[in-house]
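Let's work through a few exercises on a protein model. Have a look at it first, then try each task before reading the solution.

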Amino acid sequence: MHYNSLLQDGTLMKSKETLLENGLFCEALEHSKNGEMAITATCGSGVTACVIALAFARFGQEVSVYDGSWSDWGADPDLPLETG
């Protein structure tokens, strides 16, 4: 999910009630709480991934932040990439 979908007017974190209206957020939260999956937040450089981690933290869920994110991953030719 894009970090901006978790913000109100692009500046403040949405209320917990409003976050629960985001289908993708709710689905990930449910799977994470059930222990079915771990969440890792990524972005281009690692900065905006922290917004995603903060949203989940408000519900008591731990989220890993891949701080190298896609800039780091994409620069290594030995790592797998999917396109399309």
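**Exercise 1.** Work out why Cys-50 forms no disulfide with Cys-43.

*Solution.* Start with the distance: the sulfur of Cys-50 sits 7.3 Å from the closest cysteine sulfur, the one in Cys-43, and that's too far for a bond. Next, bring in the cut-off: a disulfide needs two cysteine sulfur atoms within 2.5 Å. Keep in mind that this is a predicted model. The total for the structure is 0 disulfides, and Cys-43 is in none. Finally, check the surroundings of each cysteine. Cys-43 has 12% relative accessibility and counts as buried, while Cys-50, at 41%, counts as partly exposed. The cut-offs here are under 20% for buried and over 50% for exposed.

**Exercise 2.** Find out which residues of helix α3 are buried and where they lie around the axis.

*Solution.* First, go through residues 49-57, which make up α3: Ala-49, Ile-52, Ala-53, Ala-55 and Phe-56 are buried. Then look around the helix axis: these residues cover an arc of only 160 degrees, so they're on the same side of α3. Last, see what covers them: the list includes β2 (12-13), α1 (16-19), α2 (23-33), β3 (40-41) and β4 (64-65).

**Exercise 3.** Describe the protein chain as a whole, starting with its helices and strands.

*Solution.* Count the elements: there are 4 helices and 4 strands. Read from the N terminus, they run β-β-α-α-β-α-β-α. Now for burial: of the 84 residues, 26% are buried. To finish, turn to charge: the chain carries 4 positive and 12 negative side chains, and the centres of the two sets are 15 Å apart.

Methods:
Residues are numbered from 1 along each chain as its sequence is written. This is a predicted model: local features need pLDDT of at least 70, side-chain atom pairs count only at pLDDT 80 or more; totals for chains, interfaces and linings use all residues. Side-chain values use heavy atoms; hydrogens and water are left out. Buried means under 20% relative accessible area, exposed over 50%, partly exposed in between (1.4 Å probe, protein chains only). Helices (H or I, at least four residues) and strands (E, at least two) are DSSP runs, numbered from the N terminus. The arc is that of the directions from the helix axis to the C-beta atoms. Contact means heavy atoms within 4.5 Å. Lys and Arg count as positive and Asp and Glu as negative; His and the chain ends are not counted. The place of a charge is taken as NZ of Lys, CZ of Arg, CG of Asp or CD of Glu.
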